[in-house]
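Me: Please give me a close look at one part of this protein, the aromatic rings. Then carry on into whatever they lead to.

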Amino acid sequence: MSWKRLFSKSLSANPERLHFAAHSHHLWPDASYDGQVEAWRDAASLADHKWNKVMGPVWEEAQQHIAVELNLPDPSTLAFAPNTHDFLVRILSAIPMRPVRILATDGEFHSFRRQVTRWVEAGEVLLETVPASQLVEQAKAGSYDLIFASQVLFNSGEILQDIAKVAAIAETGGPWVVIDGYHGFMATETDLSDVADCIFYLAGGYKYAMAGEGVCFLHAPPRFARRPAVTGWYAAFDDLALPPEEIGYAPDGRRFLGSTFDPSGLYRFNAVQRMLLQEGLSTATISDHVHQLQSAFLLENPLPNMELLNPLIEGSHARFLAFHGKDAPALHAALENQNVVTDVRGDVLRIGFAIYHEDEDVSKLIKIIRET
């Protein structure tokens with residue numbers, strides 16, 4: 001079945017392009033345009049009063065969609081921000097001890113890696129990294145304030161298999177466990193119901209949720225980090241009548257909020273979620289489609305001189321294939337020159353698949369790679 005019709009605006013904007021970087025910048029479906037227009041119309045018609053709708057029905061709908069996707073027991077544990085970096089800073093600000101002792105995998109996204117490295121330089125953090133397969137063992141053996149791990153490692157596509165085991169180590173007094181779900185949310189089926197009371201979970205709409213920038217979220221377990229030091233006035237939205245000398249916090253996930261933000265991402269996210277529900281496109285359905293395309297690509301073995309870092313195995317798999325080889329940058333550039341969009345990180349070429357791809361697109365990609 002073809003779902004290209006759901007992406008008619010993005011595909012027609014550059015009809016000759018082969019976009020195989022859905023894991024990097026997912027093409028926007030037409031529904032996201034409708035959400036953007038809805039946000040503009042509300043701003044025009046409601047003006048100052050638009051925030052009653054944004055922080056009410058729009059906010060709550062987005063929370064509900066995420067809670068259903070992740071099987072969270074309480075949608076109110078969710079807060080929104082323009083990016084996950086904001087939440088990383090706010091979580092760290094809630095840890096009273098300095099330097100903060102952090103254990104992370106050695107395959108984290110460069111946003112986390114850069115920020116933590118700078119904190120190490122400033123004396124704010126002591127950092128230790130291990131391969132994902134050693135995370136649980138090291139977490140049990142060491143003494144840490146924060147354990148940070150990606151659900152799907154951004155470079156290799158390796159999936160963290162031990163979320164529940166890592167979560168079991170979490171304590172309100174430390175260590176806290178943060179799972180970066182940016183490459184997991186709506187890419188792999190995720191059930192957080194058994195760990196929702198003890199882990200933080202970060203993700204956003206830029207990739208597999210197909211909603212674009214500016215709509216990231218945090219699930220904050222209720223008993224953890226009650227008073228982050230870095231927040232904005234929205235974190236006290238329930239306590240605006242408090243005396244100026246008193247610092248109030250919302251009793252739920254909103255305690256991690258910043259200040260005034262662009263709400264259009266929430267509108268886009270909700271519109272896309274409605275589209276997916278209407279079309280019967282669950283994460284499992286999309287993953288099955290992607291798996292078939294990945295299998296067809298690998299069957300032809302178009303990159304025989306490169307190592308596939310994340311082979312297709314039974315169970316969950318990243319929405320991208322990660323190929324390691326010294327020629328990765330040159331191949332990426334050569335494909336770019338032919339209007340084929342992939343993604344490269346050092347010597348790893350990543351090829352991302354989506355529901356706007358069909359078998360014909362994979363065949364075209366293979367042909368171009370072989371002729372390059």
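Reply: Happy to. Ring pairs link Trp51, Trp59, Phe80, Trp233, Tyr234 and Phe261 into a cluster. Here, rings of Phe, Tyr and Trp (its six-membered ring) pair if their centres lie within 6.5 Å; planes under 30 degrees apart count as stacked, over 60 as edge-to-face and the rest as tilted. Before going on, please keep in mind that this is a predicted model, in which local features need pLDDT of at least 70 and side-chain atom pairs count only at pLDDT 80 or more, while totals for chains, interfaces and linings use all residues. Residues are numbered from 1 along each chain as its sequence is written, and side-chain values use heavy atoms, leaving out hydrogens and water.

The structure holds 17 aromatic pairs. One of them joins Trp59 and Phe261: the ring centres are 6.0 Å apart and the planes stand at 55°, so this pair is tilted. Trp59 belongs to helix H3 (residues 50–70), while Phe261 sits in the loop between strand E8 (216–219) and helix H8 (264–279), so the pair ties together parts that are 202 residues apart in sequence. Helices (H or I, at least four residues) and strands (E, at least two) are DSSP runs, numbered from the N terminus. Both partners are covered: Trp59 has 3% relative accessibility and counts as buried, and Phe261 is buried as well, with a relative accessible area of 18%. The cut-offs are under 20% relative accessible area for buried, over 50% for exposed, and partly exposed in between, with a 1.4 Å probe and protein chains only.

The loop between E8 and H8 also contributes Phe256, which pairs with a ring in strand E7 (residues 199–204), that of Phe200, 56 residues away in sequence. Phe200 and Phe256 meet edge-to-face, 6.1 Å from centre to centre and with 80° between the planes. Phe200 is buried at 0% relative accessibility, and Phe256 is likewise buried at 0%.

Trp59 leads us next to strand E2, where Leu78 has its place. Leu78 touches Trp59, along with Gln63, Ile66, Ala67, Leu72, Phe217, Leu218, His219 and Gly253, leaving aside residues up to four places away in sequence. Contact means heavy atoms within 4.5 Å. Leu78 has 0% relative accessibility and counts as buried. How do the side chains of E2 point? Leu78 and Phe80 point one way from E2, Ala79 and Ala81 the other way, and all are buried. Phe80 is the E2 residue to watch here, since you have already met it in the ring cluster.

Across from E2 runs E8: four bridges join the two strands, which run antiparallel, and Ala81 stands opposite Cys216 in E8. Two strands pair if DSSP finds at least two bridges between them. Strands of a sheet pair through backbone hydrogen bonds, either parallel or antiparallel.

Now zoom out to the sheet that holds these strands. Seven strands form an open sheet in the order E2-E8-E7-E6-E5-E3-E4, with mixed pairing. E2 (78–81) and E4 (125–130) stand at the edges with a single partner strand each, so one side of each has no neighbour in the sheet. From one strand to the next, the twist averages 20°. Axes are lines fitted to C-alpha atoms, for helices over the stretch in contact, and angles run from 0 to 180 degrees between N-to-C directions.

Further along this sheet, E5 (residues 146–150) and E6 (residues 176–180) run parallel, joined by five bridges. Another aromatic residue turns up there: Trp176 in E6 stands opposite Leu146. Helix H5 (residues 110–121) lies across E3 (100–105), E4 and E5, running at about 135° to E4.

To finish with the rings, two of them carry a charge over the face. Lys9 lies over the face of Tyr33, 4.6 Å from the ring centre, and Arg350 lies over that of Phe320, at 5.2 Å. A charge sits over a ring if NZ of Lys or CZ of Arg is within 6 Å of the ring centre and within 35 degrees of the ring normal. Phe320 brings us to E10 (residues 320–324), which pairs with E9 in the antiparallel sense over two bridges. Those strands belong to an open sheet of four, in the order E9-E10-E13-E12, with antiparallel pairing.
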